[in-house]
Amino acid sequence: LMIKFGCEVHACSMNSSYGSKGIYESYRHFFSDMDDDSPEGNSIHRLTEWKQEEILETDVFFRDLQTKKRWLQKKPTEIAFTDIGECYGELTMPGISKASGCRKLCEMLGVDIRDCYAFGDSMNDAEMLDECGTSIVMGNGDERLKETADYVTGNCEDGGLLQAFRHFDLL
């Protein structure tokens, strides 16, 4: 369905990932200077090579905003869509999210989710940030998340995690 609409798709399983033609070629080009044995350079396969492995996450890149709007009008109800950017989004099964993972883990550990700290930077983190007791958004994160965050820390590359750990006295 995505290919029919002219979108590029990147699907991730537990051990590898699969990309439509444009994604595959971009990824291979990006890692072309790496050693042939590097995991990064060898972990993506052509979408046509997918052998029914369980897909954990699918990213979709729309050609333009109009294509995205057309696809959303025809989107099957059994697919959840997280709008991450103008021409980008993530597909999951309804009810499957980072927040549902946090809830399940807290249930298994006997921990109240309101006692948890959540770190995020993208709109696919929004539900998790809302559910956990303390929401921390990375400095390079989506501006929409920063508006409701309990704390905005520095960028990952600039020690943002360490900055937040120190701010909340977690070290």
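**View 1. Met128 and the residues it touches from further along the chain.** If we skip the neighbours within four places in sequence, Met128 is in contact (heavy atoms within 4.5 Å) with Lys98, Ala99, Cys102, Ala118 and Phe119. Keep in mind that this is a predicted model, where local features need pLDDT of at least 70, side-chain atom pairs count only at pLDDT 80 or more, and totals for chains, interfaces and linings use all residues. Residues are numbered from 1 along each chain as its sequence is written, and side-chain values use heavy atoms, with hydrogens and water left out.

**View 2. The largest nonpolar core.** A nonpolar core is a set of buried (under 20% relative accessible area, 1.4 Å probe, protein chains only) Ala, Val, Leu, Ile, Met, Phe, Trp, Tyr and Cys residues joined through side-chain atoms within 4.5 Å. This one has 13 residues, and Met128 is among those with the most contacts inside it, along with Ala118, Leu129, Cys132, Val137 and Leu145. Helix H4 (98-109) and helix H5 (126-131) are the elements that give two or more residues to this core; helices here are DSSP runs of H or I, at least four residues, numbered from the N terminus. H5 supplies the largest share, three residues.

**View 3. A second, separate core.** Six residues make up this one, including Cys7, Phe62, Trp71 and Leu91.

Definitions and conventions. Buried < 20%, exposed > 50% of the residue type's maximum accessible area, 1.4 Å probe, protein only.
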